[in-house]
Amino acid sequence: MMTNILFLLLICGNVKYTVCSCDAWRDDGRCGGDFLAPNGEVAQCDPEGINPCCSPYNWCGHSEAHCDCDDCTDYREPGNLAWRDDYRCGGNFIAPNGEPAQCNPEGSNYCCSSHSWCGSTAKHCDCDGCIDYRITPCTTVATCNPRAVWNETACKCECENVERCNSRAVWNEDTCKCDCRPLQCLPGYKLNPTTCHCKCKKKTCPAGFVFDKSCCKCKCRRFSECGAGQYFSKETCQCETGFITVS
């Protein structure tokens with residue numbers, strides 16, 4: 001029995017325990033100094049997360065105040081970075097990842113000038129040879145309607161304002177306005193695109209007639225007194241000879 005126990009102790013003594021790398025940083029975003037990670041060591045920042053750098057104030061982040069200061073610590077692998085510490089960029093300057101150097105899209109110098117320097121002025125971002133690394137370049141730029149603006153991030157036209165449509169209409173993302181739901185109007189009526197109601201379509205009436213919006217018809221302007229053996233015709237708006245047949 002004692003022999004078996006000693007044998008197990010010898011086996012366990014040779015086992016090497018590894019600590020998960022995720023135990024090296026904290027969930028609250030604190031790092032360095034007096035902030036310990038779950039593994040008991042000074043807390044780092046997740047090198048593959050969105051906040052891979054530790055600032056002098058012991059917060060993980062991704063800005064220049066976290067990554068590019070004297071007391072900052074960048075936990076990313078140097079060989080994976082697409083930009084350089086000297087702010088040079090372009091084809092003649094190679095980044096640690098072996099590719100032509102870019103500029104940090106989340107830093108304060110996110111554009112590469114035509115002279116291969118990272119910066120954020122118009123000479124870095126808005127010239128013919130400039131590259132703005134904040135924006136994914138669109139392959140095509142569409143001409144938007146007057147109610148829309150071009151979104152360079154999404155590479156599409158988007159409505160500048162979204163209106164609330166009435167119950168008879170639906171919002172159209174393509175035209176950026178409320179479109180009436182399909183509605184069949186009666187003869188003599190047409191659809192009002194503003195109110196989405198059928199309204200009377202005015203027409204030119206013959207002499208002696210006037211247009212009546214209430215019934216959307218031409219009606220006699222006035223009725224005349226007819227003589228003996230005559231009757232007033234609403235069709236012609238004049239006295240006709242004969243008798244009215246009552247059915």
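**Disulfides and local backbone features**

The disulfide between cysteine 220 and cysteine 237 is left-handed, with -105 degrees about the S-S bond. Cysteine 220 lies in strand S16 (residues 217-220), and cysteine 237 lies in the loop between strand S17 (230-233) and strand S18 (238-241), so the pair ties together parts 17 residues apart in sequence. The two sulfur atoms are 2.0 Å apart. The model is predicted. Cysteine 220 has a relative accessible area of 11% and cysteine 237 one of 14%. Both values fall under 20%, so both residues count as buried.

A search of the whole structure finds 16 disulfides. Among them is the link between cysteine 159 and cysteine 176, with an S to S distance of 2.2 Å. The torsion about its S-S bond is about -90 degrees, so this disulfide is left-handed. The pair links distant parts of the chain. Cysteine 159 belongs to strand S10 (residues 156-159). Cysteine 176 sits in the loop between strand S11 (169-172) and strand S12 (177-180). The separation in sequence is 17 residues. Cysteine 159 and cysteine 176 are both buried.

Cysteine 89 and cysteine 112 form a further disulfide, with sulfur atoms 2.0 Å apart. This link is right-handed, at 95 degrees about the S-S bond. It too connects distant parts of the chain, 23 residues apart. Cysteine 89 is in the loop between strand S3 (73-74) and strand S4 (90-94), whereas cysteine 112 is in strand S6. Both cysteines are buried.

Strand S6 (111-112) also borders the loop that holds serine 116; strand S7 (118-119) lies on the other side of that loop. Serine 116 is not a glycine, yet its phi is positive, at about 70 degrees. Its relative accessible area is 16%. This is under 20%, so serine 116 is buried.

A positive phi also occurs at cysteine 196, a residue other than glycine, with a value near 60 degrees. Cysteine 196 is found in the loop between strand S13 (189-192) and strand S14 (197-200). Cysteine 196 is buried because its relative accessible area, 4%, is under 20%.

Aspartate 212 lies in strand S15 (residues 209-212). Its side chain makes a polar contact of 3.3 Å with the side chain of lysine 219. Leaving aside residues up to four places away in sequence, aspartate 212 touches Lys217 and Lys219.

Note on methods. Residues are numbered from 1 along each chain as its sequence is written. This is a predicted model: local features need pLDDT of at least 70, side-chain atom pairs count only at pLDDT 80 or more; totals for chains, interfaces and linings use all residues. Side-chain values use heavy atoms; hydrogens and water are left out. Helices (H or I, at least four residues) and strands (E, at least two) are DSSP runs, numbered from the N terminus. Buried means under 20% relative accessible area, exposed over 50%, partly exposed in between (1.4 Å probe, protein chains only). A polar contact is a pair of N or O atoms within 3.5 Å; within protein, one must be able to donate a hydrogen and the other to accept it, and residues adjacent in sequence count only if both atoms are side-chain atoms. Contact means heavy atoms within 4.5 Å. A disulfide is a pair of cysteine sulfur atoms within 2.5 Å.
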